Amino acid sequence: MRKGVDGFLCKTCIFGNASIEHLLGRIHRYNTTSAAAVALSSPLIRATNHIINKHAKCGNLDLAQQLFDQMPQRNLVSWTILISAYAQHGRFFQCFGLFSQMLHYEKPNDFAYASVLSVCDYNRGQQVHGMVLKTGFHAWIYVANALISMYWNNGISSRMEAWELFHGIDLPNLVTYNTMISGLGMCHQGDKAMVLFKRMCLDGIEFDRTTLLSLLSSLSGVMEGMNCLSCCCQLHCLSIKSGLALDAGVATSLVNAYSSLGGDLENCHKLFMETNAVERDIILWTGVMSACAEKEPEQALHHFNQMLREGFHPDSYVLLVVSKACSNLITGRNASAIHCQVITAGFMNVIDLQNALIHAYARCGSIHCAEKLFHEMSCRDVVSWNTILKAHAVHGNPNAAMHLFQQMNVEPDEMTFVALLTSCSHAGLVEEGTKIFDSMYKKHGVLPRLDHYTCMVDMLGRAGHLSEAETIINKMPMEPDYVIWSALLGACRKHGETKLAELASFKLRELDPHNSLSYVLVSNVYCSSNSYSEGSMVRERMILSGVKKEAGLSWTEVNNEVHEFASGGRKHPQLEAILGSMANFTTVLKKVGYIPVTDSVFFDVEDEQKEEQLYLHSEKLALVFALMNSGNPKCPIQIVKNIRICLDCHNFMRLASMLVCRVIIVRDSNRFHHFEKGRCSCNDYW
């Protein structure tokens, strides 16, 4: 008789696609007599359980349920298999319902409890917890771990129950600690996760891959009083000692942690290169590209090309990362290449990718490509509209921004109004900006936030309405931050308002005593009003405080190679040739109206007191170098500068565009300047 059952089981497992009616018919034939039923009940139940388990693992849950419903007899394993299957596939209602039904026939075991707890919400989880206590399974470590996990998964409000359960366990195991560390990471309590990890090591429990992954993930949480980067380095050392650093998943987590914590990119590259090339998956490739995207965008593109050569096909997230890397480059050449990759891969309908490409084009100065892509989109979300509105704002196209806002067919959010107010600020449209600010809540229900007040202060200050700007700061419902005070101080420098500048400078030093902006700008204010002694005293105080002024840097791309220039030219090997060309070019430029603005040398660059030193500004050096080496007159010259362009350089670029009959695009820290035929897109208002 046993032989027949085993044969039946083997055939069923092999021919698993047989109809459910045929299968149930065969089971029924083994149960035609009561004697046979008694003799065969245990083997038949075991056989049917195997079949249910097979179908459940293949995802055929409806078929498994039908087979379960037709079973003449069931045991605890029958129930547990199906409960576990529903839990693994996230089918909460079926899982909990079957568990409740089982209670009428069987007493749950630890596996059944753990399965149902994995999908329980807080209220049902408490009900199951009560059953666990009644049936005495609370002392089973497997069930206790499942309860801890359930409470962590149901939010911050239930974390106290998780701690109580943890403290009630006499001998917590590795899974217990991993569950607690993972839960603390989800609640952004990475500091407590690290403390618990140390306790785990003191208890003599060895960590595993899951421990490291959870700890590294928790480092992105807020840890006051702890050096997150130091913790990351310690975990990196432990992963090397244990050999887990070679694991692709651990390496990816380490790369992501270093990147998010502002760590050294060299560590990210080293981690990546130390992994086995065969074991690198697309997630690791994405991680290392994401780490490089902002600070080393060229390296991110290098990794992308290497990934393609190794046979990987980029998904939409990879293309999103490299699109963001393109936004940190000088020209739109690479953005166009990635755009082609997006089209080839069939991802042109992915809104996030389209938005990233619009941003990349706009940041690289190709506003027309950004606008074209925006209008080609079949579906747009609020991010799409915000991205193009912000693009027009920084490129000095307020009319285009306002026109698009009128066409906006989705509800605007906070960032929409930041873009609009920025556009008004850059164009000096005080009346229009004030109307937009007032309509935010009245018409659209959007409460003004700190960013909106910053835009208003900047807009009013630029236009010379300093008292109104100060009134907004005094009446705003939140504390002004560094950006607001720096906007006010910048306006004071522009309009020579010394008294208010002193207040703004004092506030800036309170908020960030190591930043040079407060010293430099207030010194500029004094010197612009011919108070050179006061300006010099401010500079001396800055030096005594150990604060250093940010050096002016500029970059330009010539023949697909990026060149960097610093004020004074000390960072370029061809300085002598550049200065020779600069002298000749300046002589010609003066004949068409260029007059050096020598009264700005005290303010915008350090220690520049002579007219000749104006010619060593980084953007001027970049321009002359580009003119020396780029032969295509139809190609715009693009320059990126890390701080705001000064008045003298602005005049220099404007007249140079007329002299050489070329478009010159400068992206400074605040906005774009498109110089063409002796005019600038900012209309000399910045």
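**Overall fold and selected local features of the chain**

In the chain, residues 24 or more positions apart account for 63% of the contacts with a separation of 6 or more. The model is a predicted one. Its secondary structure comprises 36 helices and six strands. The radius of gyration of the chain is 34 Å, whereas a compact globule of 686 residues would have a value near 26 Å. Along the principal axes, the C-alpha atoms fill a box of roughly 115 × 55 × 50 Å.

Of the 686 residues, 49% count as buried. The exposed surface of the chain amounts to about 32900 Å², and carbon and sulfur atoms supply 54% of that area. The chain carries 59 positive and 65 negative charges, and the mean positions of these two sets are 5 Å apart.

Burial was then examined for a single helix. Helix 17, which spans residues 282-292, is largely enclosed by the rest of the structure, because eight of its 11 residues are buried. The buried residues of helix 17 are Leu284, Trp285, Thr286, Gly287, Val288, Met289, Ala291 and Cys292. The cover over these residues includes helix 15 (248-260) and helix 16 (265-274), together with helix 18 (297-309) and helix 19 (316-326).

A buried acidic residue was found in a strand. Glutamate 557 is placed in strand 1, residues 553-558. The relative accessibility of glutamate 557 is 17%, and the residue therefore counts as buried, the cut-off for burial being under 20%. Two polar contacts involve the side chain of glutamate 557: one joins it to the side chain of arginine 333 at 2.9 Å, and another joins it to the side chain of threonine 331 at 3.4 Å. Leaving aside residues up to four places away in sequence, glutamate 557 touches Ile330, Thr331, Arg333, Val562 and Gln638. Arginine 333 and threonine 331 thus appear both as polar partners of glutamate 557 and among the residues that glutamate 557 touches. Glutamate 557 was also compared in position with phenylalanine 625; the two are 68 residues apart in sequence, and their C-alpha atoms are 10.0 Å apart in space.

A second pair was taken from elsewhere in the chain. Glycine 97 and cysteine 58 are separated by 39 residues in sequence and by 22 Å in space, C-alpha to C-alpha. Glycine 97 belongs to helix 6, residues 92-102. With a relative accessible area of 35%, glycine 97 is partly exposed.

Backbone angles were considered for two loop residues. Histidine 188 is not a glycine, yet its phi is positive, at about 60 degrees. The loop that holds histidine 188 runs between helix 11 (174-186) and helix 12 (190-202). Lysine 677, also a residue other than glycine, has a positive phi near 55 degrees. Lysine 677 lies in the loop between strand 5 (672-676) and strand 6 (679-680). The relative accessibility of lysine 677 is 67%, so this residue counts as exposed, the cut-off for exposure being over 50%.

Terms used. Residues are numbered from 1 along each chain as its sequence is written. This is a predicted model: local features need pLDDT of at least 70, side-chain atom pairs count only at pLDDT 80 or more; totals for chains, interfaces and linings use all residues. Side-chain values use heavy atoms; hydrogens and water are left out. Helices (H or I, at least four residues) and strands (E, at least two) are DSSP runs, numbered from the N terminus. The radius of gyration is taken over C-alpha atoms; the globule rule is 2.2 Å times the number of residues to the power 0.38. Buried means under 20% relative accessible area, exposed over 50%, partly exposed in between (1.4 Å probe, protein chains only). Contact means heavy atoms within 4.5 Å. Accessible areas come from the Shrake-Rupley method with a 1.4 Å probe; for residues, only the protein chains shown count as cover. Lys and Arg count as positive and Asp and Glu as negative; His and the chain ends are not counted. The place of a charge is taken as NZ of Lys, CZ of Arg, CG of Asp or CD of Glu. A polar contact is a pair of N or O atoms within 3.5 Å; within protein, one must be able to donate a hydrogen and the other to accept it, and residues adjacent in sequence count only if both atoms are side-chain atoms.
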